[in-house]
Amino acid sequence: HTVKANCRQITQMKGGDYLFFLKGNQPLALAKAQQLLSGALPPQAQSLDKTHGRIEDRKLWALPVDGATVGLAGAAQIFRLDRKVDICRKGRIIKTTLITVYGVTSLWTDEANPQKLLDLVRGYWAIETKQHYRRDHTQREDHCLVRHPVTARNLSLMRSAAIFLYEHQRPKRDAKKSLPDWQRKNIRNPNPLIRQLVPPNA
């Protein structure tokens, strides 16, 4: 997650670089990126992917900044990414999703031009989708307002336990095939899951 301590540790203490997406936990940096990257200028980099009934068009704009501008140590560029995702069935578009996200990186323009940034972002999204989609989207982890470290850690453990239990039931014949369906099932009727977790004589 994008936090000031992470940026400082990566760049000043470890001598590394970062690329983060700006979210609600850094409202000032996000607002600054939105302000500086607004407008309808032609994109500086663009890509188009077509896979498995999905067409994704990405457009990226980047702007050099300094850390003081966005309040993050080591910041060298901010960027805006527009994603248009078309879901196709039988040659027809059945759903279109438009997403705009903003990010920051410590890589200078001579280290990562707009096309390089777009390539890095595409790799980031591949990892994000594979490893964190369930937490960020299904379990809404990024929308959690809990800031106490122990409580946040406990909630994270409970999310992990939910994913583990979902995976555990998948081989069964009557298993739910998606995490949202499994969660809704247990919200409607939690008793079978409780009996699974609590010994009969408890």
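The following exchange examines how several descriptions of this predicted model are justified.

Colleague: What is the overall make-up of the chain?

Modeller: The chain holds 7 helices and 5 strands, and along the sequence they follow the pattern α-β-α-β-β-α-β-β-α-α-α-α. The C-alpha atoms fill a box of roughly 65 × 50 × 25 Å along the principal axes. Of the 202 residues, 33% count as buried. The chain exposes about 13300 Å², and carbon and sulfur atoms supply 56% of that area. Among contacts between residues at least 6 apart in sequence, 55% join residues at least 24 apart.

Colleague: What makes the buried residues of helix α2 line one face?

Modeller: In α2, which spans residues 27-36, Ala29, Leu30 and Ala33 are buried. Seen down the axis of α2, these buried residues fall within an arc of 100°, so they line one face of the helix. The general geometry is that an α-helix has 3.6 residues a turn, so residues three or four places apart point the same way.

Colleague: Which residues lie on the face of α2 turned away from the buried side, and what covers the buried residues?

Modeller: The face turned away carries the exposed residues Pro27, Leu28 and Gln35. The cover over the buried residues of α2 includes β1 (19-22), α3 (67-70), β4 (77-89) and β5 (92-105).

Colleague: Why is the pair of Tyr18 and Phe20 called stacked?

Modeller: A pair of aromatic rings is described by the distance of the centres and the angle of the planes. The count of aromatic pairs comes to 3. One of them is formed by Tyr18 and Phe20, with 5.0 Å centre to centre and 15° between the planes. Centres must lie within 6.5 Å for a pair, and planes under 30 degrees apart count as stacked; the values for Tyr18 and Phe20 meet both conditions, so the pair is called stacked.

Colleague: How do you know whether Tyr18 and Phe20 are buried or exposed?

Modeller: Buried means under 20% relative accessible area. Tyr18 has 4% and Phe20 has 14%, so both residues are classed as buried.

Colleague: What makes the backbone at Lys90 worth a remark?

Modeller: Most residues other than glycine have a negative phi. Lys90 has a positive phi of about 55° although it is not a glycine. Lys90 is placed in the loop between β4 and β5.

Colleague: Why is Lys90 called exposed?

Modeller: The relative accessible area of Lys90 is 87%, and exposed means over 50%, so Lys90 is classed as exposed.

Colleague: How do you know that Glu56 and Arg54 form a salt bridge?

Modeller: Side chains of opposite charge can pair when their charged atoms come close. The closest N and O atoms of Glu56 and Arg54 are 3.2 Å apart. The cut-off is 4 Å, so the pair counts as a salt bridge. Glu56 is buried, with a relative accessible area of 5%, whereas Arg54 is partly exposed at 33%.

Colleague: Which residues are linked with Glu56 and Arg54 in a network of salt bridges?

Modeller: The network links Asp49, Arg54, Glu56, Arg58, Arg83 and Arg122. A search of the whole structure finds 8 salt bridges.

Colleague: What makes Asp181 and Arg184 a salt bridge, and how are they placed in helix α6?

Modeller: The N to O distance between the side chains of Asp181 and Arg184 is 2.5 Å; this lies within 4 Å, so the pair qualifies as a salt bridge. Being 3 residues apart in α6 (residues 179-188), Asp181 and Arg184 are separated by about one helical turn. Asp181 has 32% relative accessibility and Arg184 has 43%. Partly exposed lies between 20% and 50%, so both residues fall in that class.

Colleague: Why are Glu167 and Arg170 described as a salt bridge?

Modeller: Their closest N and O atoms are 3.4 Å apart, which is within 4 Å, so the pair is counted. Glu167 is partly exposed at 31%, and Arg170 is partly exposed at 38%.

Colleague: What makes Val198 eligible for a nonpolar surface patch?

Modeller: Patch residues need over 30% relative accessible area. Val198 has 39% and counts as partly exposed, so Val198 passes that cut-off. Together with Ile194 and Leu197, Val198 makes a nonpolar surface patch of about 260 Å². Val198 is found in the segment after α7 (191-197).

Terms used. Residues numbered from 1 in each chain as written. Predicted model: local features only at pLDDT ≥ 70, side-chain atom pairs only at ≥ 80, totals over all residues. Heavy atoms only, no water. Patch = residues over 30% accessible without salt bridge, like charges linked within 9 Å, V, L, I, M, F, W, Y side chains within 5 Å. Areas by Shrake-Rupley, 256 points an atom, 1.4 Å probe, with all protein chains shown as cover. Helix = DSSP H or I, 4+ residues; strand = E, 2+ residues; numbered from the N terminus. Buried < 20%, exposed > 50% of the residue type's maximum accessible area, 1.4 Å probe, protein only. Arc of directions from axis to C-beta. Contact = heavy atoms within 4.5 Å. Phe/Tyr/Trp six-rings, centres within 6.5 Å; stacked < 30°, edge-to-face > 60°.
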